[in-house]
Amino acid sequence: MRSKWFNVLALVALVVGVLPATAMGQATAAPVAEEVTEQRVPDKIEPDLLGELMEGESADFIVRFVEQADLSAAYSMSWEQRGEFVFQTLGAVAAESQIQAEALLDAADLSYQTFIAGNELYIWGGGLAAAESLAALPEVESIRAPLTYYIDPIIEEEPPPSPDALAWGIIDTKADEFWGEFGLQGEGIRVANIDTGVQWDHPALVDAFACPGDPGDPACWEDPSNICPGGTMCDNNGHGTHVMGTQVGDDDPALTWQAGMAPRSTWIACKGCESTSCSEYALNTCADWILAPDGDPANRPHVVNNSWGGGPACDGWYWPRVDAWRAAGIFPAFSAGNSGSSCNSLGQPSNYQYSFATAAHAASRTIASFSSRGPAPTATHCHPYEPYTKPNLSAPGVNICSSVPGNGWSCGYSGTSMSSPHTAGAVALLWSCNPALIGDMDLTFEVLQDNASPPTGDGNCGAPPTGHGNYTYGYGLLDVYAAGLLWCGDTGHLEGQVYDGMDDTPIEGATVQA
């Protein structure tokens, strides 16, 4: 049984087939040089899964293929070109390498879905025979059981009401000063979250919804597990509505709280978390959808917030999704996790070097006790400090005031789930004020890190040998106004070295004034 993605992949394959080779770049990896022997077949199947199947049980499992798309050419393309290139290239690789596997599954009358980012198949209710037949294919790399991840905000007692309706996180990150200085609040930027859903018509969110009046439009909403009734956007938990309010909540002074970092950005959402848990099926489906909502890369967001995660391992299971987003020009914002105050507790995927991990601090500007700390594991896709210290920085995450379902408000949510959307909103502000930053991941990481406010202490988990930040706060506390002063408006940005005019020796600490 083919999924709804099959038609998309078939169309992609048809389109790719008529494009010249130069338009596609390197669409496929090198062919597998070594044939799989009978002895290696069981080795491809995760031991626990294999044991379950050998007992005669059926199970869902994920098949990963050897070929992975080369997306490197995307980084030299425009925003419009790179989105289309990434989507087509991923689709072409998946369509080509999965042909034999799909034929086996069709013959066995098993249901499955293709994930183009990572080149994987999700199989429902497969047995031992199906797993062994798939493992025998040389193009199959591995077969494993699906994972489950979680959202874990810490709901605390409501703090006393503030005399100012401007949420403290907006003041702490200086987003309000950014608005006043540059007259921009995220215009032209689209943000997304992968979360529990959103109350789309909440007074703080309805005006920024990218598909006005149509909460079932697949260009703006995806619900992989069909949790919400009637295909219409919902939030059965409250977490996603709160997170989206921090990203883009309206600044209307008539509202109870002005909570959004980028209130003039538009937003879309994917329900990657059925409730407090997030199945791998839903998370992976959302990852593909983010690349091309309703099958069109032009609908993709500029920034995607992920306030979910798991333990401190680094097996790289979500890495292909982060890699595809970055190639498509989409900023990957992740919460650091709520497993502090112990060290080495950063969650996955936030501990990947190319995910942007945000820790949480309180209004006192001291780190929250629950905020996960580094260093990250030393493993493929993870590293404690090269090129970036993990976590990357800290943002407000204790008693955050934002929107909740029922047209309500809450200031009782705490967690790095609440800090990451501050970062996502800050990126929307910076990309709105300086289009040259759009899609430039490395530069945007550095702009945020280099302009962070100094941390209030060294933290309890040490610092990297490079001396860049520490494993508690990262590079410091989010300060979008300081970043804007260097990268927005007419101020410009200058990098380089000043030299002595007599003997060409570098002058350390020199400044240049226009």
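Leucine 283 is found in helix H10, which spans residues 280-291, and the model in which we see this residue is a predicted one. Is leucine 283 buried or exposed? It is buried, with a relative accessible area of 0%. Leaving aside residues up to four places away in sequence, the contacts of leucine 283 are Tyr149, Ile194, Gly272, Cys278, Trp308, Trp317 and Tyr318. One of these partners, isoleucine 194, is 89 residues away along the chain, yet the two C-alpha atoms are separated by 7.5 Å.

That contact leads to the chain as a whole. There are 514 residues, and 57% of them count as buried. The secondary structure consists of 14 helices and 16 strands. If we take the contacts between residues at least 6 apart in sequence, 76% of them join residues at least 24 apart.

Trp317, which touches leucine 283, also brings us to the largest pocket. Which residues lie nearest the centre of that pocket? They are Arg64, Arg144, Asp315, Gly316 and Trp317, out of a lining of 14 residues. The space in the pocket amounts to about 250 Å³. Two elements, E4 and H11, each give two or more residues to the lining. Of the elements, E4 gives the most, namely three residues. For those considering the chemical character of this lining, it divides into six charged, five nonpolar and three polar residues.

Helix H11 has a second role in this account, as a packing partner. Two packed helices are described by the angle between their axes and the distance between the axes. For H4, residues 79-97, and H11, residues 319-327, the angle is about 145° and the axes are 9 Å apart. From H4, the residues in the contact are Arg82, Val86 and Leu90; from H11, they are Ala324, Arg326 and Ala327. By class, four residues of this contact are nonpolar, two are charged and none is polar.

I turn next to helix H3, residues 47-54. Its buried residues are Leu49, Leu50 and Leu53. These three lie on the same side of H3, because the arc they cover around the axis is only 100°. On the face turned away from that buried side we find Pro47 and Asp48, both exposed. What do the buried residues of H3 pack against? Their partners are three strands and one helix: E1 (59-65), E3 (120-126) and E4 (140-144), together with helix H6 (128-135). E4 thus appears again, having already been named as a contributor to the pocket lining. Just after H3 comes glycine 56, with a positive phi of about 90°.

Helix H6, one of those partners, holds glutamate 132. This residue counts as partly exposed, at 39% relative accessibility. Beyond residues up to four places away in sequence, glutamate 132 touches Val41 and Ile45. Its C-alpha atom is 9.5 Å from that of isoleucine 143, a residue 11 places away in sequence.

The last topic is backbone geometry, beginning with the loop between strand E12 (331-335) and strand E13 (356-361), where serine 341 is placed. A cis peptide bond joins glycine 340 to serine 341, with omega about 10°. Proline 349 lies in the loop between E12 and E13 as well, and the bond from glutamine 348 to proline 349 is also cis, with omega about 10°. Asparagine 344 is another residue of that loop. Although it is not a glycine, asparagine 344 has a positive phi of about 55°. With a relative accessible area of 48%, asparagine 344 is partly exposed; the cut-off for exposed is over 50%.

Where is asparagine 119 placed? It belongs to the loop between strand E2 (112-115) and E3. Phi of asparagine 119 is near 55°, again a positive value in a residue other than glycine. Asparagine 119 is buried, with a relative accessible area of 2%, whereas asparagine 344 is partly exposed.

Methods: Residues are numbered from 1 along each chain as its sequence is written. This is a predicted model: local features need pLDDT of at least 70, side-chain atom pairs count only at pLDDT 80 or more; totals for chains, interfaces and linings use all residues. Side-chain values use heavy atoms; hydrogens and water are left out. Buried means under 20% relative accessible area, exposed over 50%, partly exposed in between (1.4 Å probe, protein chains only). Helices (H or I, at least four residues) and strands (E, at least two) are DSSP runs, numbered from the N terminus. The arc is that of the directions from the helix axis to the C-beta atoms. Contact means heavy atoms within 4.5 Å. Axes are lines fitted to C-alpha atoms, for helices over the stretch in contact, and angles run from 0 to 180 degrees between N-to-C directions. Ala, Val, Leu, Ile, Met, Phe, Trp, Tyr, Cys and Pro count as nonpolar, Asp, Glu, Lys and Arg as charged, and the others, Gly among them, as polar. On a 1 Å grid over the protein atoms alone, a cavity is a set of points where a 1.4 Å probe fits but cannot get out, and a pocket is an open set with protein on both sides within 12 Å along at least five of seven lines; lining residues have an atom within 4 Å of a point. Grid points are joined across faces, edges and corners, and a volume is the space filled by probe spheres set on the points.
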